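Please open the structure in your viewer and keep the selection tool at hand. The tour goes from one selection to the next and says what is found at each stop.

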Amino acid sequence: MTNIGRPTEGQNQWYPFMDRPAPSLVDGVLQNPPVVPVNDADPLPASARYVVVGAGIHGLSTAYHLAMELERTGKGSGSDVVLIDKAGPGAGATGLACGCVRNLYMTGPLHAILRASVEVWESDPINFGFQQVGYVSIGEANQAEDYVRLNESQVASGYPSDLYTGDDAHRFLKGLWPDFKTDNCDVVLHEHRSGYAGTHMVMWGLDQKARQWGVQRCYGVAVTGYDLDASGSVAAVETTAGRIQCDEVVVGAGAWTPKHWEWLGGPSTLDVHYPDGHVEHGMDMWTYWRLLEGEVFLPPGVDYRTADGKDAPVLHVELMDTPVYGRDGEMIQDHVYTYTRYAAERVGAPGLQGGTIPIKMGPEASADPYGHLNDDYQADDWFPEYYCRTLGMLFERFEDLEPYYKQRRNGGIGAFTPDNVPIFDHVTDNAFVIADSNHGFKMIGVGKLTASMLVHGEKPEELRPFTFGRYADGTTFGDRNSNCPWV
Ligand SMILES: Cc1cc2nc3c(=O)[nH]c(=O)nc-3n(C[C@H](O)[C@H](O)[C@H](O)COP(=O)(O)OP(=O)(O)OC[C@H]3O[C@@H](n4cnc5c(N)ncnc54)[C@H](O)[C@@H]3O)c2cc1C
């Protein structure tokens, strides 16, 4: 066993099972292990109709749905699908995400992606660890119009949500949580179908489903490049276990997407055209952001339940004009941006997990080691106080949370697109990239939509707005009234 010297005693976040081996080293760099035990991986075959790269939420969902749809339509079976991951399920962002599933997007076309995704979450909430507790988002008056649009678009896309403003908003919040402090909470959106999911549970559930449907799961095999033929199509995927010829490739590589994009011949910079006619020249194709998240135990006698004793909705609050002050009276940030969900399965005891706005880095970052294993990308020192103070500003019951903050690693990076909105598109005629711009744990339905496209040959309507071509044709997204890149 490799002695990695971390994490510190008692902080076992990457060893959820007692008999798991320590992470392995490749060229002296720690590799994130899968978050579920894998004992029955398949050897890499020499060829396959479909190769799916990455066993995160997108790769696993694609492989599972593709296997089912091939079988259902009589057009093939699970064995036509080869899923490759250099480690295994959940070794990337999916294994350590906060697990929030919401539809709070100011980019309207995402509402249909989320509706399709929640249908998948609802299809097997037990094996996906989905808790449909709802999602409550709060804004200040400056976001009121955005919330009205959001609510209308959600309802129109089959995703029921309720909107409250002014006194109604305060009454709604007090009704849920009598100790809620409603100052500056001017507008509230309540999404009924949203919630959160346990990240390890969904990896386990999807991996077992892929296995049951006969997907060839090749774990511990790293893709090292793509063999492109003269026309630019992928003829084969090159890996540490040899070449595999294939007809179609789907890439769900999370923070490693920029590398795969480059291998597939995608550009590293581009001119980005916006609907108002202005053009940003030479933008980076990928920008890394570093996420700030953390966990806190619930103090004795304190719960995160509603007035009627139910599991509370996930809470998301952005007060763009309300500063957050530390215990010494110094301002920590000039705005509130905080999200929180009940997270006993993650904290290991009754507790909360949440975070704030990520920090922009730039076009370069080291994806290995990833997440908790990477010393450079953990939450900043100011984060625990900020996070606890925001909750204390909102709830009387959370006014003294800081002593209960769980000191452990929670970091992770993500590769964002030029407009911070996903790209679901072909980069070559037979290589489809699911690049969710690092807010796609919730988007479990993208794999189902992708599978449908592969089997039936037609891109489902929900996926169509998320082209790479939007940057050239002037339909770039990005019109959002938020401090955060993923609202
Ligand atoms: C700290 C944090 C919190 C988050 N919280 C949320 C949240 O609450 N809600 C939400 O919706 N989203 C959240 N996200 C975003 C979300 O986790 C990601 O967008 C999503 O999980 C990405 O899924 P994926 O399948 O694309 O990639 P990943 O889960 O990163 O999986 C990619 C896989 O590809 C494999 N791989 C990469 N390169 C190769 C290669 N060369 N060969 C073989 N395999 C390879 C990796 O081993 C990895 O397993 C969060 C992200 C972070 C970092």
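At what angle do the axes of H1 and helix H9 (residues 445-456) cross, and within what distance do they come? Keep in mind while looking that this is a predicted model. Select both helices, and you will find that their axes come within 7 Å and cross at roughly 40 degrees. H1 is therefore oblique to H9, since angles under 35 degrees count as roughly parallel and those from 65 to 115 as roughly perpendicular. The crossing in which H1 passes H9 is right-handed.

Next, show the side chains where these helices meet: on H1 the contact is made by His-58, Ser-61, Thr-62, His-65, Leu-66, Glu-69, Leu-70 and Thr-73, and on H9 by Val-446, Gly-447, Lys-448, Thr-450, Ala-451, Ser-452, Leu-454 and Val-455. Coloured by character, the residues of this contact divide into six nonpolar, eight polar and two charged.

Now select the ligand and the residues around it. There are 37 residues in this surrounding shell, and the closest are Gly-54, Gly-56, Gly-92, Gly-254 and Gly-412. Two elements, helix H1 (57-73) and strand E4 (81-85), give two or more residues to the shell, and H1 supplies the largest share, with three residues.

How many residues of the shell around the ligand are nonpolar, polar and charged? Of these residues, 18 are nonpolar, 14 are polar and five are charged.

Finally, colour the model by domain, and you will see that the shell draws at least three residues from domain 1 (44-94 + 201-284 + 418-473) and at least three from domain 2 (132-193 + 288-416).

Technical notes
Residues are numbered from 1 along each chain as its sequence is written. This is a predicted model: local features need pLDDT of at least 70, side-chain atom pairs count only at pLDDT 80 or more; totals for chains, interfaces and linings use all residues. A residue is near a molecule or strand if its C-beta atom, placed from the backbone, lies within 6 Å of it. Helices (H or I, at least four residues) and strands (E, at least two) are DSSP runs, numbered from the N terminus. Ala, Val, Leu, Ile, Met, Phe, Trp, Tyr, Cys and Pro count as nonpolar, Asp, Glu, Lys and Arg as charged, and the others, Gly among them, as polar. Domain bounds come from an automatic or database domain assignment. Axes are lines fitted to C-alpha atoms, for helices over the stretch in contact, and angles run from 0 to 180 degrees between N-to-C directions. Angles under 35 degrees count as roughly parallel, over 145 as roughly antiparallel, 65 to 115 as roughly perpendicular and the rest as oblique. A crossing is left-handed if the near helix is turned anticlockwise from the far one by less than a right angle, and right-handed if clockwise. Two residues are in contact if their C-beta atoms, placed from the backbone, lie within 7 Å.
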